[in-house]
Amino acid sequence: MCGGSGTRLWPLSRKQHPKQFIKLTNDFTMVQNTIKRLPENVQSPIFICNEEHRFIVAEQAREVSVEAKSILLEPVGRNTAPAIALAAITALKENKDAVLLVLASDHNIKDEDMFRQAAQSAYGLAMQDKLVTFGIVPSNPHTGYGYIKRGEELGPKASQYKVSEFVEKPDEATAKTYVDSGEYYWNSGMFVFKASKFLSELKTFRPDIFEACERAMQDVADDLDFTRVNKAAFEACPDESVDYAVMEHTEHAVVVPLDAGWSDVGSWSALWEESERDGNNNAIRGDVLTESTTNSYIQASDRLVSSIGLDNIVIIDTPDALLVANKDDVQNVKGIVDKLKGLDRSEYIHHREVYRPWGKYDSVDSGGRFQVKRITVKPGAKLSVQMHHHRAEHWVVVSGTAKVRNGDKEFILTENESTYIPIGAVHSLENPGKLPLELIEVQSGSYLGEDDIVRLADKYGRSEQ
């Protein structure tokens with residue numbers, strides 16, 4: 001499940017590039033780490049995401065040599081119960097006995113072997129028509145998670161239990177009693193069950209969700225590697241979590257304890273806890289120098305960040321936004337994001353560097369009538385055939401090879417060569433080479449917005465940039 005906007009990790013996580021697609025704990029993104037920890041007997045994964053993230057999902061799966069069985073595109077977010085229902089219906093089209101391992105794409109698990117063992121244990125229960133959830137053995141009385149109370153053990157020394165009840169996020173005193181009792185686990189939001197059994201229980205307890213998802217999957221549109229479900233049918237589906245829709249009602253819910261260093265990395269303080277730290281208890285990423293700084297998380301993106309005389313601080317530096325916060329108050333980051341949204345600021349939506357299916361661009365500089373971008377085009381990729389009503393463009397190739405259409409002419413540009421695209425000229429840019437193409441684009445004109453694009457042809461099926 002690749003939805004979610006990741007607002008609690010702003011400014012690194014943005015609406016169009018949330019935390020599941022970011023390298024937070026190692027050299028792989030969160031979704032790539034999720035893919036890499038899958039048990040060996042898991043088949044090609046099904047991804048569920050929204051329209052904006054479809055090319056990021058496909059590209060990041062390709063980078064770790066995984067081909068998706070399907071990438072389902074939700075026209076709107078409707079929570080986890082409908083999302084899982086879409087995946088279950090998809091899986092059953094190929095295998096009537098399909099078993100789903102349902103995972104969020106933005107969790108961190110340190111002991112991956114332990115996770116795989118737990119998944120195999122859960123698989124055996126799923127084959128007995130159980131709906132299995134993983135209960136995280138709590139390391140502290142955390143108030144940010146829901147809890148699962150275990151019931152009767154399924155067998156001697158089985159470490160498998162019937163679910164007694166699901167409980168909401170508790171206050172600190174209640175959480176402490178939960179942890180002290182040894183009978184409660186954090187609710188991980190990860191599951192294993194037969195696709196057919198889940199749909200059967202969903203139809204029993206929430207026939208409205210079942211029927212809406214069934215209708216949405218009866219009229220799908222395949223586009224490249226993606227499957228678009230019927231928009232009107234899915235929009236009519238209620239917004240509901242899988243816990244509320246099924247797990248709290250079914251008699252077949254089972255919990256398998258998991259003690260594998262799990263975290264949902266839900267805040268900067270949580271990421272600090274997950275990170276390697278130096279002798280001063282600081283977690284450092286990027287070009288950072290510290291003096292008399294302790295217990296802090298500091299991340300630099302593309303310039304030197306230095307700190308002096310600080311304790312318990314979070315500093316996140318990106319090219320267009322800087323966050324400085326007390327580590328104990330980072331849960332309030334969402335308030336900043338809400339203010340940015342209310343002011344219609346772009347910083348909550350995307351980074352200065354924006355990813356596209358053909359590559360990416362970085363808005364290096366801008367003024368009243370100009371904008372400078374550094375554009376990177378992947379090998380074999382091509383931008384749409386397009387024209388602009390209000391701006392002209394100068395392209396200078398820095399490295400690689402560019403195949404250019406400029407009006408009626410088509411030609412090749414290499415390093416240190418350039419071309420000028422007049423206002424109104426039909427043009428396109430393609431990388432025919434084996435290496436990334438990098439160029440500098442200087443836009444000039446009366447209006448430089450991304451919506452000044454008349455797209456005449458596009459290999460990625462986009463109607464807007």
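Buried here means under 20% relative accessible area, and that cut-off is handy to have in mind as you click around. One more thing before we start: this is a predicted model.

**Stop one: an edge-to-face pair.** Select Phe55 and show its side chain. With a relative accessible area of 15%, Phe55 is under the cut-off and therefore buried. Now add Phe226, which is buried too, at 2% relative accessibility. The two rings make an edge-to-face aromatic pair, with 5.4 Å between the centres and 85° between the planes. Colour by secondary structure and you'll see what this pair ties together: Phe55 belongs to helix 2 (residues 54-63) and Phe226 to strand 10 (residues 226-228). These are distant parts of the chain, 171 residues apart.

**Stop two: a tilted pair.** Next, pick Trp268 and Tyr297. Their rings form a tilted pair, 5.6 Å centre to centre, with the planes at 40°. Here helix 10 (residues 268-274) supplies Trp268, while strand 15 (residues 297-300) supplies Tyr297. Again the partners come from distant parts of the chain, 29 residues apart. How buried or exposed is Trp268? Its relative accessible area is 0%, so Trp268 is buried. Tyr297 is buried as well, also with a value of 0%.

**Stop three: a cluster.** Select Tyr145, Trp186 and Trp262 together; they form one aromatic cluster. If you want to keep hunting for ring pairs, the model has 10 aromatic pairs in total.

**Stop four: charges over rings.** Bring up Phe28 and Lys36. The charged end of Lys36 sits over the Phe28 ring, 4.4 Å from the ring's centre. Then jump to Tyr161, where the charged end of Arg150 sits over the ring at 4.6 Å from its centre.

**Stop five: the cores.** Which residues touch the most other members of the largest nonpolar core? Select Leu100, Phe193, Phe198, Leu199, Leu202 and Cys213, out of 42 residues in that core. Helix 3 (residues 80-94) gives this core its largest share, 9 residues.

Zoom in on Leu202 and show what surrounds it. Skipping neighbours within four places in sequence, Leu202 is in contact with Ala85, Pro207, Ile209, Phe210, Ala245 and Val246.

Last selection: Val31, Cys49, Val354 and Ile375. These are among the 32 residues of another core, which lies apart from the largest one.

Technical notes
Residues are numbered from 1 along each chain as its sequence is written. This is a predicted model: local features need pLDDT of at least 70, side-chain atom pairs count only at pLDDT 80 or more; totals for chains, interfaces and linings use all residues. Side-chain values use heavy atoms; hydrogens and water are left out. Rings of Phe, Tyr and Trp (its six-membered ring) pair if their centres lie within 6.5 Å; planes under 30 degrees apart count as stacked, over 60 as edge-to-face and the rest as tilted. Helices (H or I, at least four residues) and strands (E, at least two) are DSSP runs, numbered from the N terminus. Buried means under 20% relative accessible area, exposed over 50%, partly exposed in between (1.4 Å probe, protein chains only). A charge sits over a ring if NZ of Lys or CZ of Arg is within 6 Å of the ring centre and within 35 degrees of the ring normal. A nonpolar core is a set of buried Ala, Val, Leu, Ile, Met, Phe, Trp, Tyr and Cys residues joined through side-chain atoms within 4.5 Å. Contact means heavy atoms within 4.5 Å.
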